[in-house]
Amino acid sequence: MQNTAETGPADPVDVTPLLDDPHAAYATLRASGPVHRITGPDGQPAWLVTRYDDVRAALADPRLSLDKRHAAPGGYRGFALPPALDANLLNMDPPDHTRVRRLVVRAFTPGRVEALRAPVRRVADDLLDAVEPAGRADLIADYAGHLPIIVICDLLGVPRADRRDFRAWTDRLITPDPSRPELMKQTIGDLLAYFTGLIATKRAHPGDDLLSELIAVRDAPDDAPDGPPDGTPDGAPDGSAATGGDRLSEDELTSLAFLILFGGYENTVHLVGNAVLALLDHPEQLRALRRNPAELSNAVEEFMRFDSPAPLAIRRFPREDLDIGGVRVPAGDCVLLSVGSANRDEVRFPDADRLDLARDLSGHLALGHGIHYCLGAPLARMETAVALAALVERFPGLRLDVPRESLTHRRTLRARGLISLPVTW
């Protein structure tokens, strides 16, 4: 693989190794240079940033925009989402990003998330009760794939009867079938129709759920008092204060619901599956965790670092020509920041390819950095910790039920997750 030391028509590096053995491939890229020209997931050229210091700096650089309007003409395409699903935080810069994030961040405060811990444990135990008599299960299909969709649907107020559709829709978006492009269009249409109908229902019959709360924010009269409807103090964790002008457009409301569902489901499925496999691959670490379950919180951080479920941060576009790692990147080009590679950078994390549940994990980038730090980070941490605690406690004899070499991951640069994880106990 070659490093591109300057802008120009250099041939992009082959991304196939990143699909086959990403950690080894990223190590090769880091060794040969900080920034590389590749063909991105949408088939268009992109710049791939691989080293920790460069990725961390770029994540917080306001000159790198998430707004697709800053993409060069004829360049980045990405998902073809309708406006009602595309007006979300992954496409926003301040001040819109600040306004919209402020309105939803209250749902993911540590206190609110902690209140969900006991209900999430009940869901985890119910799922394990269902598979325990068989003595074996596919932990992706039977456990990791169910837990987050139940939790996020409860949070949003999605009826239980609709959850099977949600899981099918999100799975199709994660791994689209290139031979059937019409399925992607149909799935997006189904999601839009569903959310439009659900919002109408919640408007008529509000519930005690996040979507009803967001609708109340959207529909509040202009002279409504400042501050959140639940009576918590004004201001987000970043110190910004709510103002009477904070409102959501209808597209932003629908897009937020879509983003919370999609982000809350996909990453947690992959994180739980990757964490279980990492423990089974490192039995000494599994034994240490069983001896000291209080270390689970730190262990979750190490699982995120060791095998990040979202290897690439959301794409960015330079507002102006700028240098990243000594490489000149033109304004409007697509920039991909590999947090998966950064989290295995030996300069920042010595012996980075070794799972070490006791290591100092301050500064890992699996959840981002800066103003776009993952909105649902507290929920993802809690869900993963609960899912692993239940599994480790219930099944002390947990082990793989298939040869290790038969396990496969999804072949995509966007996500790092197992297709299945058959285990027995």
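**Burial and strand pairing in a predicted model**

Q: Where does alanine 71 lie in the chain?
A: In this predicted model, alanine 71 is in the loop that separates strand S3 (64-65) from helix H4 (83-86).

Q: Why is alanine 71 called buried?
A: Its relative accessible area is 16%. The term buried applies under 20%; alanine 71 meets that cut-off and is therefore classed as buried.

Q: Which residues does alanine 71 touch, beyond those up to four places away in sequence?
A: Alanine 71 is in contact with Tyr76, Phe317 and Gly332. A contact requires heavy atoms within 4.5 Å. Glutamate 284, by comparison, is 213 residues from alanine 71 in sequence, and the two C-alpha atoms are 47 Å apart in space.

Q: What makes strand S1 (residues 35-39) largely enclosed by the rest of the structure?
A: Of the 5 residues of S1, 4 are buried, that is, under 20% relative accessible area. The strand is therefore largely enclosed by the rest of the structure.

Q: How do you know that S1 and strand S2 (residues 45-49) are joined, and in which sense do they run?
A: Pairing requires at least two bridges between two strands. S1 and S2 share 5 bridges, and they run antiparallel. Because 5 bridges satisfy the requirement of at least two, S1 and S2 count as paired. Within this pairing, histidine 36 has leucine 48 of S2 as its bridge partner.

Q: What makes S2 mostly covered, and what joins it to strand S8 (residues 335-337)?
A: In S2, 4 of 5 residues are buried. S2 is joined to S8 by 3 bridges, and these two strands run parallel. The 3 bridges meet the minimum of two, so this too is a pair. Leucine 48 faces leucine 336 in S8. Leucine 48 thus appears in both pairings: with histidine 36 and with leucine 336.

Q: Why are strand S4 (136-138) and strand S9 (399-400) called edge strands?
A: The open sheet has 3 strands in the order S4-S10-S9, with antiparallel pairing. S4 and S9 each pair on one side only. S4 is joined to strand S10 (residues 422-424) by 3 antiparallel bridges, and arginine 136 stands opposite threonine 424 in S10.

Q: What makes helix H15 (residues 296-306) mostly covered?
A: Of its 11 residues, 9 are buried. Among them are Leu296, Val300, Phe303, Met304 and Phe306, and also the charged side chains of Glu301, Glu302 and Arg305. The cover over the buried residues includes helices H2 (22-32), H13 (250-281), H14 (283-291) and H17 (377-394).

Q: How do you know that the radius of gyration of the chain agrees with that of a compact globule?
A: A compact globule of 425 residues would have a radius of gyration near 22 Å, and the chain has 21 Å; the two therefore agree. The C-alpha atoms fill a box of roughly 60 × 60 × 45 Å along the principal axes.

Q: What share of the contacts in the chain with a separation of 6 or more comes from residues 24 or more positions apart?
A: Such residue pairs account for 73% of those contacts. The chain contains 17 helices and 10 strands, and 53% of its 425 residues count as buried.

Q: How many positive and negative side chains does the chain have?
A: There are 48 positive and 62 negative side chains, with the centres of the two sets 2 Å apart. The chain exposes about 18,300 Å², of which carbon and sulfur atoms supply 54%.

Conventions. Residues are numbered from 1 along each chain as its sequence is written. This is a predicted model: local features need pLDDT of at least 70, side-chain atom pairs count only at pLDDT 80 or more; totals for chains, interfaces and linings use all residues. Side-chain values use heavy atoms; hydrogens and water are left out. Buried means under 20% relative accessible area, exposed over 50%, partly exposed in between (1.4 Å probe, protein chains only). The radius of gyration is taken over C-alpha atoms; the globule rule is 2.2 Å times the number of residues to the power 0.38. Accessible areas come from the Shrake-Rupley method with a 1.4 Å probe; for residues, only the protein chains shown count as cover. The place of a charge is taken as NZ of Lys, CZ of Arg, CG of Asp or CD of Glu.
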